[in-house]
Amino acid sequence: MTDNTLEIPALLTTLETSLRQKIASRKLTDPIMIGIHSGGVWIAEQLHKKLEIEEPLGLMDISFYRDDFSQLGMHPKVKPSQLPAHMEGRNIILIDDVFYTGRTVRAALNEIFDYGRPDQVVLGVLIERDGRQVPLQPDCSGCSVTLPIGQRIKLTGPAPLGIHIQSFPTESDE
Amino acid sequence: MNNIQLDSQGKLKHFLSIDGLNQQILTEILDTSESFTSMSKQQVKKVPLLRGKTIVNLFFENSTRTRTTFELAATRLSADVLSLNIATSATSKGESLLDTIHNLEAMHVDMFVVRHAISGAGHFIAQNIAPHISVINAGDGQHAHPTQAMLDMFTIRQYKHSFKSLKVAVIGDILHSRVARSQIQALNMLGVEEVRVIAPKTLLPSHVKSLGVQAFNDIEQGLVDVDVVIMLRLQKERMTAALLPSEREYFKCYGLTEARLKLAKSDAIVMHPGPINRGVEIESSIADGPQSVILQQVSNGIAVRMAIMSITMQSNGAVL
C-alpha cells in the first residue's frame, strides 16, 4: 500500500534543513556526500544538488559488508561502489532512505573506513523507523515513524519516488 | 554430470566447467566481478564476506599466476587460505587423492581450489566430498579452465561492452588447450556472433566443428575483421607426438605479427592467458603494444575469482 501521509518533498525539505544546521554546527567543511544503493542514492542525488556540494556524489553498495551473507547469500544485483579514492581526513555525509535496524549503516561505516580514516561522518535519512538492533542512530531525518512488527517501509523510485508500506511474515533488514 | 555444479535451487555450488551452466549464471559472475574491481581503490583491499571460511588451494600441477590470483582473491575476501605443495605432501608418499581430500575435510575446510593434470579431477572430488564444501576447478588436464575463461570474458566485456556482434578468434594449440575449450563454450553461451579457431590441422581436435566454431588453417584468412584475438600458449609439455616441425616454423605460419594484426579491426584487442612465449606465438612488440590487454587480464583474474568464490560459497549447502 502507498502511504499518502508521508509526502516526499516535505520530508526532503525537513532533512535538508536539518542537514544544513548540522553542517554549520559541526563545521563540516568541504564534505563528501555518499548515498547507499538504491534508495539512499536517489535521496542523495537531490540533497547533493540542494546543498550545492562540490565533490561528486559517492555511491556505495554495502553488499560485500553485510552481516547476513551466510544466511541470505549475495545480493543478486550488487553494483560497484563509486567513492572518491581519498577519504582520509574528510567530512562525510552518509545518506540512506530508511533507517531501521542500523545494520546497513554498520556495514557502510566499515566500507568507508576501508577507504581511509574520515574526520567526521554524519548520517542523514529520509525516514527513521523503530526497530534499532545496534547502537547507531541518524543525526538528521525527514521524519520518525513507528510501525507494527512485520511491516516494512520502502522507498520506490527513482522516478517518481514513492513510499510503500508492506507486510512481511518475518522481519528483514532495511 | 555437470548438474553437480548446481544446488537444488539451481545456484552455483561448484565451479567445474562452463559446460552445464547458462547465460544467466555467467552474467551474474561478470556483474559481481565488476563490483569487486572497485575494491582496488580501497586503502584496505579486503571485504569481510568470507571471514572465518577456510579455502585450500590444491595444486597438483605447477602454476604461479593462477595460484597467486586465487590466493589473493581468497585473502581479499577475508578467508583463510592454505596452499598445499602437493609435490612434497603425502600423495608423493603414496596416499590416494581421496584420502588426501578426506583428511583435509576432517580439518573443516570450506572450499577446495583444484588444479590437476587429469581431466575430470574436479568433478571427481566434488562427487566425493562433504555436502558443505565447494570445489573450484583451476584447470584439469585438457578438459576445462573455467575461471580463466570467465576472466577473459570479463576483459572482453570491459573493452567491448557487449558480446552480441563480436567476432573472436582463438589462435594456437586448440587440441591441448583447456583454456580454449572453456573460452569457446563461454563465448557461445554469452552469444557472440562468431567464434573462430585458427591452428594447423595437427593442433585442432577432430571434432572441432561440433564445438560451434569456424575453423581456419590460414591465420591471415581467420584474422580478417575480428574484434578480439586470443592467443594460446604452445603446450610443449603436453605434446607427445611430432605435431610441429619447429617453433620457428610455427611462428612463421601462426605467430601474431604486426602485419597480421592489421587484418583484424583497428580497435581489436589482443589477449593471452600467459605465460607468453615471445617470438613463438606472439611478436614481442604486440605483447607490449597498445592493443594488448594481457596484464589487464591478470588484474581482472583477482576480481573474477573473488566473484566465483563468493557466489559458490553462498549456495545453501555451503553456508549452513
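Here are some short exercises on a predicted model with two chains, each followed by a worked solution.

Before you start, note that residues are numbered from 1 along each chain as its sequence is written, and chains are lettered from A, ligands numbered from 1, in the order in which they are written. Because the model is predicted, local features need pLDDT of at least 70 and side-chain atom pairs count only at pLDDT 80 or more, while totals for chains, interfaces and linings use all residues.

**Exercise 1. Get to know chain A.**
Work out which elements chain A has, and how its radius of gyration sits against the globule rule.

Solution.
- Step 1: start with the helices and strands, which are DSSP runs numbered from the N terminus (helices are H or I with at least four residues, strands E with at least two). Chain A has four helices and seven strands.
- Step 2: read them off from the N terminus, and you get α-β-α-β-α-β-α-β-β-β-β.
- Step 3: the radius of gyration is 15 Å, close to the 16 Å that the globule rule gives for 174 residues, so chain A is as compact as a globular protein of that length. The radius is taken over C-alpha atoms, and the rule is 2.2 Å times the number of residues to the power 0.38.
- Step 4: for the outline, the C-alpha trace spans about 45 × 40 × 30 Å along its principal axes.
- Step 5: 37% of the 174 residues count as buried. Buried takes 20 or more other C-beta atoms within 10 Å of a residue's own, exposed 12 or fewer, and partly exposed is in between, with C-beta atoms placed from the backbone.

**Exercise 2. Do it again for chain B.**
Find the number of helices and strands in chain B, and its spans.

Solution.
- Step 1: count twelve helices and nine strands in chain B.
- Step 2: its radius of gyration is 19 Å and the globule rule gives 20 Å for 320 residues; those values are close, so chain B is as compact as a globular protein of that length.
- Step 3: its C-alpha trace spans about 55 × 45 × 35 Å along the principal axes, and 47% of its 320 residues count as buried.

**Exercise 3. Split chain B into domains.**
Say where the domains of chain B run and what domain 1 brings to the contact with domain 2.

Solution.
- Step 1: domain 1 covers 2-144 + 301-319, and domain 2 covers 146-298; the bounds come from an automatic or database domain assignment.
- Step 2: the C-alpha centres of these two domains lie 26 Å apart.
- Step 3: 25 residues of domain 1 are in contact with 20 residues of domain 2, contact being C-beta atoms, placed from the backbone, within 7 Å.
- Step 4: on the domain 1 side, helix H1 (23-37), strand S4 (134-140) and helix H11 (294-313) of chain B each supply at least two residues.
- Step 5: that side divides into eleven nonpolar, ten polar and four charged residues. Nonpolar here is Ala, Val, Leu, Ile, Met, Phe, Trp, Tyr, Cys and Pro; charged is Asp, Glu, Lys and Arg; the others, Gly among them, are polar.

**Exercise 4. Trace a sheet.**
Put the five strands of the open sheet in chain B in order, then find a helix that packs on the sheet.

Solution.
- Step 1: the order is S7-S6-S5-S8-S9, with parallel pairing. Two strands pair if DSSP finds at least two bridges between them.
- Step 2: strands S7 (214-216) and S9 (269-271) of chain B are the edges, each pairing on one side only.
- Step 3: from one strand to the next, the twist averages 20 degrees.
- Step 4: helix H6 (residues 178-189) of chain B packs on the sheet, touching strands S5 (167-171), S6 and S8 (228-231), and its direction makes about 170 degrees with that of S5(B). Axes are lines fitted to C-alpha atoms, for helices over the stretch in contact, and angles run from 0 to 180 degrees between N-to-C directions.
- Step 5: zoom in on strand S6 (residues 194-198) of chain B, which pairs with S7(B) over three bridges; B:Val197 stands opposite B:Ala215.

**Exercise 5. Inspect some loops.**
Is A:Lys27 buried or exposed? And where is B:Pro275?

Solution.
- Step 1: A:Lys27 has 9 C-beta neighbours inside 10 Å, so it counts as exposed. Its phi is positive, about 55 degrees, although it is not a glycine.
- Step 2: B:Pro275 is in the loop between S9 and helix H10 (284-287) of chain B. A cis peptide bond joins B:Gly274 to B:Pro275, with omega about -5 degrees.

Key. Two residues are in contact if their C-beta atoms, placed from the backbone, lie within 7 Å.
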